[in-house]
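Trainee: I would like to take a close look at a single part of this model, the open space between its helices, and then follow the elements around that space outward. Could you take me through it in one connected account?

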Amino acid sequence: MNLLARIVSIVFHPLLLATYLFSLFILLFPVALEPLKSEGHLTFLLLIFCVTFVLPALNVGMFRMMGTIKTLEMKERRERILPFIFISILYIGVTYLFYTKPRIGFHDNLLKFLIIIDALVLVATLTTFFYKISVHSLAAWGMLGILIPLNKVLEDNTLFYPTLVIIVITGAIMSARLKLNAHTPREVMFGSILGLLTAFAGMIILF
């Protein structure tokens with residue numbers, strides 16, 4: 001069971017949130033990526049994967065090699081702070097990169113979703129200064145906080161069944177973190193609440 005829990009934790013790592021979310025949008029809800037044209041979607045997804053997963057993962061690896069953190073899991077709250085700050089900078093940087101593009105403005109769907117993801121990362125970082133939370137839970141519930149409001153405004157059921165699947169996956173993620181003793185139930189709960197509230201509030205405010 002521990003092996004399965006570890007696999008779930010790796011496959012649904014928080015840094016993969018953006019890649020999974022935009023992959024879902026490309027397949028089922030491409031209007032979310034406006035004003036990008038469809039032929040540019042895969043290039044955009046590759047960029048998102050590199051900037052929001054590969055670069056942060058390399059960054060964490062470097063911190064591990066330098067001894068700044070004891071393990072890649074960063075079990076202690078204090079050792080999470082510096083890597084989280086660098087990850088926040090990377091996420092905000094890619095959002096600013098798109099904002100500077102002439103064709104993309106604050107009113108566009110793409111930029112709004114990027115801002116919500118940035119908000120989730122910033123909340124995780126700021127909270128970590130004071131309290132250790134489950135970032136896995138925050139990311140999973142953050143994704144639900146984005147999808148649930150979308151289900152209410154869409155006339156068809158395009159995202160309904162994927163949302164149900166993600167709810168089940170979210171439960172598996174939370175169970176996995178508890179099974180591995182990576183977090184206490186309270187840390188998982190706080191992460192879930194922060195993720196849901198941050199993303200849901202972002203959807204309400206921006207859309």
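Trainee: Which helices each supply at least two residues of the lining of the largest pocket?

Mentor: Bearing in mind that this is a predicted model, the helices that each supply at least two residues of that lining are H1 (2-11), H2 (17-28), H3 (41-66), H4 (77-99), H5 (109-128) and H6 (135-153). H5 gives the most, with 5 residues, and the lining as a whole comprises 35 residues, of which His 13, Pro 14, Leu 72, Met 74 and His 136 lie nearest the centre of the pocket. The volume of this largest pocket is about 890 Å³. Sorted by class, its lining has 22 nonpolar, 7 polar and 6 charged residues.

The second largest pocket holds about 250 Å³ of space, and of the 17 residues that line this second pocket, Phe 12, Tyr 20, Met 143, Ile 166 and Ile 169 are the closest to its centre. Here the helices that each supply at least two lining residues are H2, H6 and H7 (160-179), and H7 gives the most, with 6 residues. The class division of this second lining is 14 nonpolar, 3 polar and no charged residues. H2 and H6 therefore appear in both lists, each supplying at least two residues to the lining of the largest pocket and at least two to that of the second largest.Enclosed space can be considered next, since rolling a probe the size of a water molecule over the atoms shows where empty space is left. The count comes to 1 cavity of 30 Å³ or more, and the largest cavity has a volume of about 40 Å³. Its lining is made up of Ala 18, Ile 48, Thr 52, Tyr 91, Val 94, Thr 95, Leu 114, Ile 117 and Asp 118, with H3, H4 and H5 each supplying at least two of the lining residues. By class, these lining residues divide into 6 nonpolar, 2 polar and 1 charged.

Two of the helices around the largest pocket, H5 and H6, can also be followed to their contacts with H8 (185-206). The axes of H6 and H8 come within 7 Å and cross at roughly 35 degrees, and the crossing is right-handed. On the H6 side, the contact is made by Ser 137, Leu 138, Trp 141, Gly 142, Gly 145, Ile 146, Pro 149 and Leu 150, while H8 contributes Val 188, Gly 191, Ser 192, Leu 194, Gly 195, Leu 196, Ala 199, Phe 200 and Met 203. The residues of this contact comprise 11 nonpolar, 6 polar and no charged.

H5 packs with H8 at an angle of about 145 degrees, the two axes being 9 Å apart, and this crossing, too, is right-handed. The H5 residues in the contact are Lys 112, Phe 113, Ile 115, Ile 116, Ala 119, Leu 120, Val 123 and Thr 127, and those of H8 are Leu 194, Gly 195, Thr 198, Ala 199, Gly 202, Met 203 and Leu 206. By class, the contact of H5 with H8 has 10 nonpolar, 4 polar and 1 charged residues. Leu 194, Gly 195, Ala 199 and Met 203 of H8 are among the residues that touch H6, and they are also among those that touch H5.

Returning to H2, one may look at its aromatic side chains. The model as a whole has 11 aromatic pairs, one of which joins Phe 22 and Phe 25 in an edge-to-face arrangement, 6.2 Å centre to centre and with 75 degrees between the planes. Because Phe 22 and Phe 25 are 3 residues apart in helix H2, about one helical turn separates them.

Two details of the backbone in the loops complete the account. A cis peptide bond, with omega of about 15 degrees, joins Glu 34 and Pro 35, and Pro 35 is found in the loop between H2 and H3. Asn 181, which lies in the loop between H7 and H8, has a positive phi of about 60 degrees although it is not a glycine.

How values were computed. Residues numbered from 1 in each chain as written. Predicted model: local features only at pLDDT ≥ 70, side-chain atom pairs only at ≥ 80, totals over all residues. Heavy atoms only, no water. 1 Å grid on protein atoms, 1.4 Å probe; cavity = no way out; pocket = protein on both sides within 12 Å on 5 of 7 lines; lining within 4 Å. Points joined across faces, edges and corners; volume = space filled by probe spheres on them. Helix = DSSP H or I, 4+ residues; strand = E, 2+ residues; numbered from the N terminus. Nonpolar A, V, L, I, M, F, W, Y, C, P; charged D, E, K, R; others polar. Axes fitted to C-alpha atoms, helices over the stretch in contact; angles between N-to-C directions. Left-handed = near helix turned anticlockwise from the far one by under 90°. Contact = heavy atoms within 4.5 Å. Phe/Tyr/Trp six-rings, centres within 6.5 Å; stacked < 30°, edge-to-face > 60°.
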